[in-house]
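Subject: Structure handover

Hello,

Here is the structure we discussed handing over. Please look through it first; my notes come after it.

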Amino acid sequence: MISELDELYQEVILDHSRRPRNFGDLPEAAVRVHGDNPACGDEIHLGVKFDAGGGLQDIKFTGHGCAISQASASLMTMKLRGKSRVEVMEMLRAFHNLVTDETSEAPKTLGDLRVMKGVRKFPQRVKCAMLAWRAVEQALEQGAGEATVSTEPA
Ligand code: ZN
């Protein structure tokens, strides 16, 4: 049986996958990361521009794939834009816990990203949800230029 809460979550995910926010090229991006999830066929192309302190001044993405991967990217860009490096790393940890740890309570700081909590029951979907986050992690590590990440070991 699908609870009302699950239905609400579904709605948010469908809305973001159909009308992704911060979708498009970021011409002034300092770093571009191409993320690939071969297990599902998801692709995310992330562009990040940093501010003077190394925070995420702007972040945009393009891509295609399942609703989970695209909605996670859309929600992520909304959450991370304007955040400092430290805040981004904290959010990354919190989100990873949310989608992998059965015992994790969804922290309020994650806001709408909490709709992704349901994927923890489906290990294959965790890769979909994490794809954009792997890309942003790589963007922070790399700092400039182009990079690729994959959810599958090379
Ligand atoms: Zn997927």
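The notes below go through the metal site, the strands, one helix, the aromatic pairs and a few single residues. Please keep in mind that this is a predicted model.

Zinc site

The zinc ion takes its protein donors from C40 (SG), D42 (OD, listed twice), C66 (SG) and C128 (SG), and these atoms lie 2.1 to 2.7 Å from the ion. Along the sequence, the donor residues follow the spacing C-x1-D-x23-C-x61-C. Two of the donor residues can be set side by side for accessibility. C40 has 34% relative accessibility and therefore counts as partly exposed, whereas D42, at 0%, counts as buried.

N37, a residue of strand β1, touches this site. Apart from neighbours within four places in sequence, N37 is in contact with D42, K127, C128, L131, T151 and E152. Its relative accessibility is 0%, so N37 counts as buried.

Strands β1, β2 and β3

β1 and β2 are paired antiparallel, with seven bridges. One of the bridge pairs has V31 opposite V48, the latter in β2. The hairpin that these two strands make has four residues between the strands, and G41 there has a positive phi near 90°.

β2 also runs antiparallel to β3, and eight bridges join them. Here L46 has F61 of β3 as its bridge partner. This second hairpin has five residues between its strands, with G54 in the turn at a positive phi of about 90°.

Helix α4

Does the length of α4 agree or disagree with its residue count? The helix covers residues 123-142, which is 20 residues; at 1.5 Å a residue it should span 28 Å, and the end C-alpha atoms are 28 Å apart, so the two agree. If you try the arithmetic, note that the expected span is 1.5 Å times one less than the number of residues. The helix nevertheless bends, by about 45° at M130. After the helix comes G143, which has a positive phi near 80°.

The buried residues of α4 are V126, C128, A129, M130, L131, A132, W133, A135, V136, Q138, A139 and L140. They pack against β1 (31-37), β2 (42-50), β3 (56-64), α2 (67-80), α3 (85-100) and β4 (145-150). C128 in this list is also one of the zinc donors.

V126 of α4 is worth a separate entry. It has 14% relative accessibility and so counts as buried. Once neighbours within four places in sequence are left aside, V126 is in contact with V99, T100, V119 and R120. Its C-alpha atom is 11 Å from that of F95, a residue 31 places away along the chain.

Aromatic pairs

How many aromatic pairs does a search of the whole structure find? The search gives two.

One of them is F23 with F61: the ring centres are 5.2 Å apart and the planes are at 85°, so the pair is edge-to-face. F23 is in the loop between α1 (4-18) and β1, while F61 is in strand β3, so this pair ties together parts 38 residues apart in sequence. F23 counts as partly exposed because its relative accessibility is 39%; F61 counts as buried because its value is 0%.

The other is F95 with W133: the ring centres are 4.5 Å apart and the planes are at 10°, so this pair is stacked. F95 belongs to helix α3 and W133 to helix α4, so the parts tied together are 38 residues apart in sequence. F95 counts as buried because its relative accessibility is 0%, and W133 is buried because its relative accessible area is 0%.

A backbone angle to check

Most residues other than glycine have a negative phi. N22 is not a glycine, yet its phi is positive, at about 55°. This residue sits in the loop between α1 and β1. With a relative accessible area of 16%, N22 is buried, because buried means under 20%.

That covers what I have on this model.

Regards

Technical notes
Residues are numbered from 1 along each chain as its sequence is written. This is a predicted model: local features need pLDDT of at least 70, side-chain atom pairs count only at pLDDT 80 or more; totals for chains, interfaces and linings use all residues. Side-chain values use heavy atoms; hydrogens and water are left out. The bend at a residue is the angle between axes fitted to the seven residues ending there and the seven starting there. Buried means under 20% relative accessible area, exposed over 50%, partly exposed in between (1.4 Å probe, protein chains only). Contact means heavy atoms within 4.5 Å. Donors are N, O and S atoms within 2.8 Å of the metal (3.2 Å for Na, K and Ca); water is not among the atoms, so sites may look incomplete. Rings of Phe, Tyr and Trp (its six-membered ring) pair if their centres lie within 6.5 Å; planes under 30 degrees apart count as stacked, over 60 as edge-to-face and the rest as tilted. Two strands pair if DSSP finds at least two bridges between them.
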